[in-house]
Amino acid sequence: MRLYDPESDTSPPVPPGPLRIHVHGPDLRAHVVADVLRRVAERRRRPVLTGRSGPPPDRPLTDMNVLPMEWEPGAADLHV
């Protein structure tokens, strides 16, 4: 699995181990995008941890079928 890095204009391989996705803020769209990325990685048999910082979204994430966050954000491989 590779993710595009606009700062270096490259697509380096993601390090081994679980993919850590950090969602910033209460924007529901960011949570849905993170959930889609999580599901794609899991279909490729990649363990994924997601976490968020900031206030929760206005609507419950279960309304959008978004899986719950299970990780306290720290060093992340992907920021949404």
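**Group meeting: pocket, sheet and a helix salt bridge**

Let's start with the pocket lining. The residues lining the largest pocket split into 8 nonpolar, no polar and 2 charged. Who are they? The lining consists of L3, Y4, D5, P6, P12, P13, V14, P15, D77 and L78. The volume of this largest pocket is about 240 Å³.

A word on the model before going on. It is a predicted one. Mean pLDDT for the protein is 87. A value of 70 or more is reached by 99% of the residues. Where is confidence highest, and where is it lowest? Helix α1 is at the top, at 92. Strand β3 is at the bottom, at a mean of 86.

Now the sheet. It is open, it has 3 strands, and the order is β2-β1-β3. The pairing is parallel. Which strands are at the edges? They are β2 and β3, and each of them pairs on one side only.

Take β1 with β2. Strand β1 covers residues 19–24, and β2 covers residues 48–53. The two run parallel and are joined by 6 bridges. How does the chain get from one to the other? It leaves β1, passes through helix α1, residues 28–43, and arrives at β2. This β-α-β crossover is right-handed.

Here are some partners, if you want to follow along on the structure. L19 has V48 as its bridge partner in β2. V23 is partnered by R52, also in β2. H24 stands opposite S53 of β2.

Next, the other side of β1. Strand β3 covers residues 78–79. It runs parallel to β1, and 2 bridges join them. I21 is the residue opposite L78 in β3. You have met L78 already: it is one of the residues lining the largest pocket. So keep that in mind when you look at the pocket: L78 is in its lining and also faces I21 across the strand pair.

Last topic, charges. Side chains of opposite charge can pair when their charged atoms come close. How many salt bridges are there? The count comes to 4. One to look at is R39 with D35. Their closest N and O atoms are 2.6 Å apart. Where do these two sit relative to each other in the helix? Both are in α1, and because they are 4 residues apart, about one helical turn separates them.

That's the tour. Questions, please.

Terms used. Residues numbered from 1 in each chain as written. Predicted model: local features only at pLDDT ≥ 70, side-chain atom pairs only at ≥ 80, totals over all residues. Heavy atoms only, no water. Pairing = 2+ DSSP bridges. Right-handed = clockwise from strand over helix to strand, strands pointing away. 1 Å grid on protein atoms, 1.4 Å probe; cavity = no way out; pocket = protein on both sides within 12 Å on 5 of 7 lines; lining within 4 Å. Points joined across faces, edges and corners; volume = space filled by probe spheres on them. Nonpolar A, V, L, I, M, F, W, Y, C, P; charged D, E, K, R; others polar. pLDDT = per-residue confidence, 0-100. Salt bridge = Lys/Arg side-chain N within 4 Å of Asp/Glu carboxyl O.
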